[in-house]
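This report describes selected parts of one structure under short headings. The sequence and the model are shown first.

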Amino acid sequence: MKVFKKKGELTKFQILAEIAKGQPHLRQKDIADELGITVQAVSENLKTLVDEGWVETGSGQSRYKITKRGIEKVKNGAVDLRKYADQVLDTMNTYKSVWPAIALEDMDVGETVWLKMEDGTLYAGKKETPAQAEVLHQAKKGEDVALTNLNGLIELEPGFVVIIKLPTINQGGSKACDLEHVHEILEKYPDHFDRVGIMGTVSRALVDKLGVKADFEFATPQATIAASKRGLNVLIFAVGKMSRTLTKKMDEEGISYVIEDVIDTKK
């Protein structure tokens, strides 16, 4: 449905409506303030409305007056707007937000299933949890399943983040790292790291020396935050001031972290 077919018709409709509501003492500035447009725009549109016979200029304190034709135009426009709004509401009422999960069992359309997060992935199964949803399309075990009408709370403990701060290339790069200290850091955390990220070329050189596989090295701050929010523990190797970019974003998101400095002061 095209409610206002020509450019500027909505503004003219609004001005007509304001005149109908605010006459006889309505000023151009009053209309401009109400609609959030300039007085010049109001003036130009009023001239057109007068020329087209929708509005007439009044005498004395009555500056503008809507004509009978103008009243019919406003009524018709309002009816069209109402129909359009009703169509939009009907569409939104039938719209279903859909979430994907991995099916732990075979699932049928309309079935109620229960949700849990494991290793950063959302799973749907038939064992009761605090969160539930409705199956939108049939799915086999192990397939991705479409879910709607989510209710409850998915139990999820945020992961922790450990940042190992490395020397810059001007400080000696990976050669200036205390490798023994790095191993001590990795051993002192009882829980394993689910993901490893790197920031900078020195970090790449160091993880290669350690034989550690990096899961991500691009958009590392964003990936770290996303992983932590999904309950994953993350280890990040960051060079020099790059760590500040990461910590700033984690502070904004309220994610806790620990920074470990491994520069070998003896070198």
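## The aromatic pair

F193 is buried in this predicted model, with a relative accessible area of 18%. The cut-off for buried is under 20%, so the value for F193 falls on the buried side. F160, at 23% relative accessibility, counts as partly exposed.

A search of the whole structure finds 1 aromatic pair. The ring centres of F160 and F193 are 5.7 Å apart and the ring planes stand at 70°, so this pair is edge-to-face. F160 belongs to the loop between β7 and β8, while F193 belongs to the loop between α5 (179–188) and β9. The pair therefore ties together parts that are 33 residues apart in sequence.

## The open sheet

Four strands form an open sheet in the order β9-β10-β8-β11, and their pairing is parallel. At the edges stand β9 (195–199) and β11 (257–261), each with a single partner strand, so one side of each has no neighbour in the sheet. On average, neighbouring strands of this sheet are turned by 20° against each other, direction ignored.

The strand pairs can be taken in turn. β9 and β10 are parallel and share 5 bridges; G197 has I236 in β10 as its bridge partner. Between β8 and β10, also a parallel pair, there are 6 bridges, and L166 is matched with V239 in β10. Strand β8 (residues 161–166) pairs with β11 in the parallel sense over 5 bridges, where I164 stands opposite E260 of β11.

## Strand β10 and the helices across it

How many residues of β10 are buried? The count is 6 of its 6 residues, and the strand is mostly covered. Both faces are covered: on one side V234, I236 and A238 are buried, and on the other side L235, F237 and V239 are buried.

Two helices lie across strands of this sheet. Helix α6 (residues 201–210) lies across β8, β9 and β10 (234–239), and runs at about 130° to β10. Helix α7 (residues 220–229) also lies across β8, β9 and β10, and runs at about 160° to β10.

## S203 in helix α6

S203 is a residue of helix α6. Is S203 buried or exposed? With 0% relative accessibility, S203 counts as buried.

A polar atom of the S203 side chain lies 2.9 Å from the backbone oxygen of F237. Leaving aside residues up to four places away in sequence, S203 touches L166, I198, F237, A238 and V239. Among these, F237, A238 and V239 are buried residues of β10.

## The closed barrel

A second set of strands makes a closed barrel. Its 5 strands run β3-β5-β4-β6-β7, with mixed pairing. Neighbouring strands here are turned by 55° against each other on average, direction ignored.

Within the barrel, strand β6 (residues 131–135) and β7 run antiparallel and are joined by 4 bridges. E134 has T148 as its bridge partner in β7.

## Two residues with positive phi

N149 lies in strand β7 (residues 144–152). Its phi is near 55°, a positive value in a residue other than glycine. N149 counts as partly exposed because its relative accessibility is 40%.

D119 also has a positive phi, near 50°, and is likewise a residue other than glycine. Where does D119 lie? D119 is in the loop between β4 (112–118) and β5 (121–125). At 57% relative accessibility, D119 counts as exposed.

## Charges over a ring

Two charged side chains are placed over the ring of W54. The charged end of R69 sits 4.2 Å from the ring centre of W54. The charged end of K73 sits over the ring of W54 as well, 4.8 Å from its centre.

Conventions: Residues are numbered from 1 along each chain as its sequence is written. This is a predicted model: local features need pLDDT of at least 70, side-chain atom pairs count only at pLDDT 80 or more; totals for chains, interfaces and linings use all residues. Side-chain values use heavy atoms; hydrogens and water are left out. Buried means under 20% relative accessible area, exposed over 50%, partly exposed in between (1.4 Å probe, protein chains only). Two strands pair if DSSP finds at least two bridges between them. Axes are lines fitted to C-alpha atoms, for helices over the stretch in contact, and angles run from 0 to 180 degrees between N-to-C directions. Contact means heavy atoms within 4.5 Å. A polar contact is a pair of N or O atoms within 3.5 Å; within protein, one must be able to donate a hydrogen and the other to accept it, and residues adjacent in sequence count only if both atoms are side-chain atoms. Rings of Phe, Tyr and Trp (its six-membered ring) pair if their centres lie within 6.5 Å; planes under 30 degrees apart count as stacked, over 60 as edge-to-face and the rest as tilted. A charge sits over a ring if NZ of Lys or CZ of Arg is within 6 Å of the ring centre and within 35 degrees of the ring normal.
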